[in-house]
Amino acid sequence: MQIGLELLAPAKNADIGITAIDCGADAVYIAGPAFGARVAAGNSVEEVARLCRHAHLYGARVHATVNTLLRKDEISEAEDLMWALHEAGVDAFLIQDLNLLSLQLPPVELHASTQTAIRTPERARELEALGFRRLVLERALSLRQIREIREAVDCELEFFIHGALCVGYSGQCYLSQYLTERSANRGACAQPCRSRYDLVDAEGRVLEHDRPLLSPKDLRFDCRIADLVDAGITSFKIEGRLKNASYVRNIVRHYRAELDGFIASHPDYRKTSAGHVEGGFTPDPDRTFSRGWTEAFLDGRTAPVGSGEAAKALGEPMGEIRSVRGRTITLSGVKTPVNGDGLSFVSPDGEVSGMRVETVEAERISLKDTTGLVPGMKVFRSYDLVFERELEKNLPKRVMEVELAWGEGLGKTKVSAVTEDGLKTEVAWDDDAPVAEKPEAARESIRRQLEKHTGPFVFTLKEFHADPVRFYPAAFLNGIRREISSRLEKLAQERPRPKVQNSPKPDAGRYNDSTLELPEVLMRCKYCIRWETGRCRVKPGMTARVTPGSAPGSQEPLWLVNQGRRLRLEFDCQACEMVVKAERKA
């Protein structure tokens, strides 16, 4: 039996979800009007229903995110919302707050959000025992850890393969709540990990000055699909429910090709939805949003994960500034921008500035203002005008193969249709059409009119049995094809959802690791500032860096300082983890 591999895409809204499906996603995840872990990405139930109708044409699925921690007075509202989303057609719910499991939930799959902190076999077994059909694993896991979880449970495993990487373990980060009163577990993270900090030792010496010391690069695992499948991952998740349509199109199309390539050479696997993508733009992840790429800790701690001097998305590397004259610059890179491109410039101290290109003449690039730009500064293309237009105008089309069979019997003529995923219908009629004077020409006319794209379907006439061959006007044949398409579309949208019995579990809430109250530990993470800055005391050969003018070495504890706020760093070297705590008040 073949194992299904799912490409799961983000959807800020229904239109972006639809474009993700059209570019090849097997499933999308989207929030309803509340409790979706992104306060800026809510959608009405009606919009979710519209997305479900489109997704179900291709046997694709819609996962609704109900993955925030809830107050007691919100539990009933969340329950009502989940039933409304079930009626809208969603196929699964993504949950963080385990208190929801004490309710009588709709009969569809429940997935444990990455916010439930799944990074050990023990935690995975707890959640599977509560009835979850899928676990969304922590992003900072290694292949070895994924395999250990795979061996411990039978349910499906989902893993992020592209996009932003949280520096702290998901669901257990309270840094935003502490600094800004905006809780990440309530969908309102202020992203303090992207802020700039000084690293200061116990003696007050500045070891690192004004750097985004908690900011990781973005995940990219397109070259690791085979390794992840081997480790037990079957759902490949793209991060980005706040990203725009062009980003989602580009990244989904890229990973669709990667997964299709793997499936083509591994017959034991299949995709989980129907149809294939035709035409359109050629994807390129390097030409869209990123903070640089990392494979995080998939092979253990092997390379720096931090985003360097800039926490913002810089874009495609274009080289360095070679000269600045007035409002004109020249670049040392091999690539040249075009009028309307956006460029990012990184100063020696890591400050990022950006502006649009006004004109390009040979090597000379004119900008509105070159203040602060100097030779040697790195340059990135943050907005690729040509590529963005391509992503907007040259859209692919997703189609489903349909085999047609033309036959006769009992005085009727009928056309039977079978889609690639097994949907069947037929159209039959009492046939009094005249016998064709030229049978071969008539047969070719029938084939030509039936073998066309209609709606999401592309038809192929595989069988033709008729004696005698009759003559039919093109309008009649086109009507037959459209009728078949309409019936298949209705069957596709109404295909039954598997029913899952979700019995209430009154004690489930005691397994919650997260709380709405601030704990002592604001963040625990695999990411380690000592390792990232060359100060690891375990790894041989690491050499400490100290900001020029300060004394060498450091006395612990170390502190992160931003605008007078101090965060205490502790290091659990046995677990190879870093802990961030609030400053204790005297």
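This passage walks through one strand and its partners, then through aromatic pairs and charges over rings, in a predicted model.

Strand β27 covers residues 558-562, and four of its five residues are buried, so most of the strand is covered. Two neighbours pair with β27. On one side of the account is strand β8 (residues 197-200), which runs antiparallel to β27 and is joined to it by three bridges. Within that pairing, V200 has W559 of β27 as its bridge partner. The other neighbour is strand β28 (residues 565-572), again antiparallel, with five bridges to β27. Here L560 sits opposite L567 of β28. β27 and β28 make a hairpin with two residues between the strands, and Q563 in this hairpin takes a positive phi near 50 degrees.

Turning to the rings, the count of aromatic pairs comes to ten. One of them is Y247 with F289, an edge-to-face pair with 6.5 Å centre to centre and 85 degrees between the planes. Y247 belongs to helix α8 (residues 245-264), whereas F289 is in the loop between β13 (276-278) and β14 (293-294), so the contact ties together parts of the chain that are 42 residues apart in sequence. The two partners are not covered alike: Y247 has a relative accessible area of 3%, which makes it buried, while F289, at 31%, counts as partly exposed.

A further pair is formed by W429 and F476. Their ring centres are 5.4 Å apart and their planes meet at 75 degrees; the cut-off for edge-to-face is over 60 degrees, so this pair falls in that class. It also links distant parts of the chain, with W429 in strand β23 (residues 424-430) and F476 in helix α11 (residues 474-493), 47 residues apart. As for accessibility, W429 comes out at 13% and is therefore buried, since buried means under 20%. F476 has a relative accessible area of 33% and so is partly exposed. Both rings also turn up in a bigger picture: ring pairs link W406, W429, F464, Y472 and F476 into a cluster.

Finally, there are charged side chains over ring faces. R119 lies over the face of Y169, at 3.8 Å from the ring centre. K237 does likewise with Y29, lying over the face of that ring at 4.4 Å from its centre.

Definitions and conventions
Residues are numbered from 1 along each chain as its sequence is written. This is a predicted model: local features need pLDDT of at least 70, side-chain atom pairs count only at pLDDT 80 or more; totals for chains, interfaces and linings use all residues. Side-chain values use heavy atoms; hydrogens and water are left out. Buried means under 20% relative accessible area, exposed over 50%, partly exposed in between (1.4 Å probe, protein chains only). Two strands pair if DSSP finds at least two bridges between them. Rings of Phe, Tyr and Trp (its six-membered ring) pair if their centres lie within 6.5 Å; planes under 30 degrees apart count as stacked, over 60 as edge-to-face and the rest as tilted. A charge sits over a ring if NZ of Lys or CZ of Arg is within 6 Å of the ring centre and within 35 degrees of the ring normal.
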